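Colleague: I have just opened this one and don't know my way around yet. Could you walk me through it?

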Amino acid sequence: MAANIKDEEERNRRILMVGTFVIEHPEMSTRKTAEYFTNNFFPISNATVYDYLERYKQMVLKNSDEIRKIMYSHKAKSVEDDTVSERVMLVTRLFLENNKTVKVIATELELSPWIVYYDLKLRLPLINEQLSNLVNEKMNEDVMQNLKNNESKKM
């Protein structure tokens, strides 16, 4: 979808469209935003909408209130749901205490790896900043260990 855009000017135009739309419609999720743009303008995925919002924040927004509208309009609602927050805490416990990978957790809980990753990286900080810091440290350690393992396999 967005990867097919060869012209940086066109990509920036789309980023501005999506960012402006989300600020004007903070109640719409990234999924609904993607659906709206796909039906009315150009095909775009949920993940690309999220990416465009991140780029929009860097390109345009200087006002922290506007940034907050984008950052918390969807995520805050989701963690307010008891089912979601309980899942986030379960995923966190499995990751930290049981040393399970995102992929293993996703398989065990019958979730997509993206949801598990999203829970750990984006929802957990809204619930518990301290646990989020621990998760980030462990993820960084795991990445470094994987890099070392890959290097030793090459030799």
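Modeller: A word on terms before we start: buried means under 20% relative accessible area, exposed means over 50%, and partly exposed is in between, with a 1.4 Å probe and protein chains only. In helix 5, the buried residues are V84, S85, V88, V91, T92, L94 and F95. This is a predicted model, where local features need pLDDT of at least 70 and side-chain atom pairs count only at pLDDT 80 or more, while totals for chains, interfaces and linings use all residues. Residues are numbered from 1 along each chain as its sequence is written, and side-chain values use heavy atoms, with hydrogens and water left out.

Colleague: How many helices and strands does the chain have?

Modeller: The chain has eight helices and zero strands, where helices (H or I, at least four residues) and strands (E, at least two) are DSSP runs numbered from the N terminus. Of the 155 residues of the chain, 32% count as buried.

Colleague: Back to helix 5, what span should its 15 residues have?

Modeller: The expected span is 1.5 Å times one less than the number of residues, so helix 5 should span 21 Å, and its end C-alpha atoms are indeed 21 Å apart. For helix 8, with 26 residues, the expected span is 38 Å, which agrees with the 38 Å between its end C-alpha atoms.

Colleague: Which residues of helix 8 are buried, and what covers them?

Modeller: The buried residues there are S132, V135, K138 and M139, and what covers them includes helix 5 (82-96), helix 6 (102-109) and helix 7 (113-127). At the N-terminal end of helix 8, N128 acts as a cap, with a side-chain oxygen 3.1 Å from the backbone nitrogen of Q130.

Colleague: Changing topic, what lines the second largest pocket?

Modeller: A pocket here is an open set of points on a 1 Å grid over the protein atoms alone, where a 1.4 Å probe fits, with protein on both sides within 12 Å along at least five of seven lines, and lining residues have an atom within 4 Å of a point. The lining is F95, N99, K100, T101, V102, K138, M139, D142, V143 and N146, and helix 8 (residues 129-154) gives the largest share, five residues.

Colleague: And its volume?

Modeller: The volume of the second largest pocket is about 220 Å³, taken as the space filled by probe spheres set on the points, with grid points joined across faces, edges and corners.

Colleague: What about T33, buried or exposed?

Modeller: T33, in helix 2 (residues 30-40), is buried because its relative accessible area is 0%. Not counting residues up to four places away in sequence, T33 touches V18, F21, V22, M28 and V49, where a contact means heavy atoms within 4.5 Å.

Colleague: Why does T30 count as buried?

Modeller: T30, also found in helix 2, counts as buried because its relative accessibility is 14%. The C-alpha atoms of T30 and V18, twelve residues apart along the chain, are separated by 9.8 Å.

Notes: A polar contact is a pair of N or O atoms within 3.5 Å; within protein, one must be able to donate a hydrogen and the other to accept it, and residues adjacent in sequence count only if both atoms are side-chain atoms.
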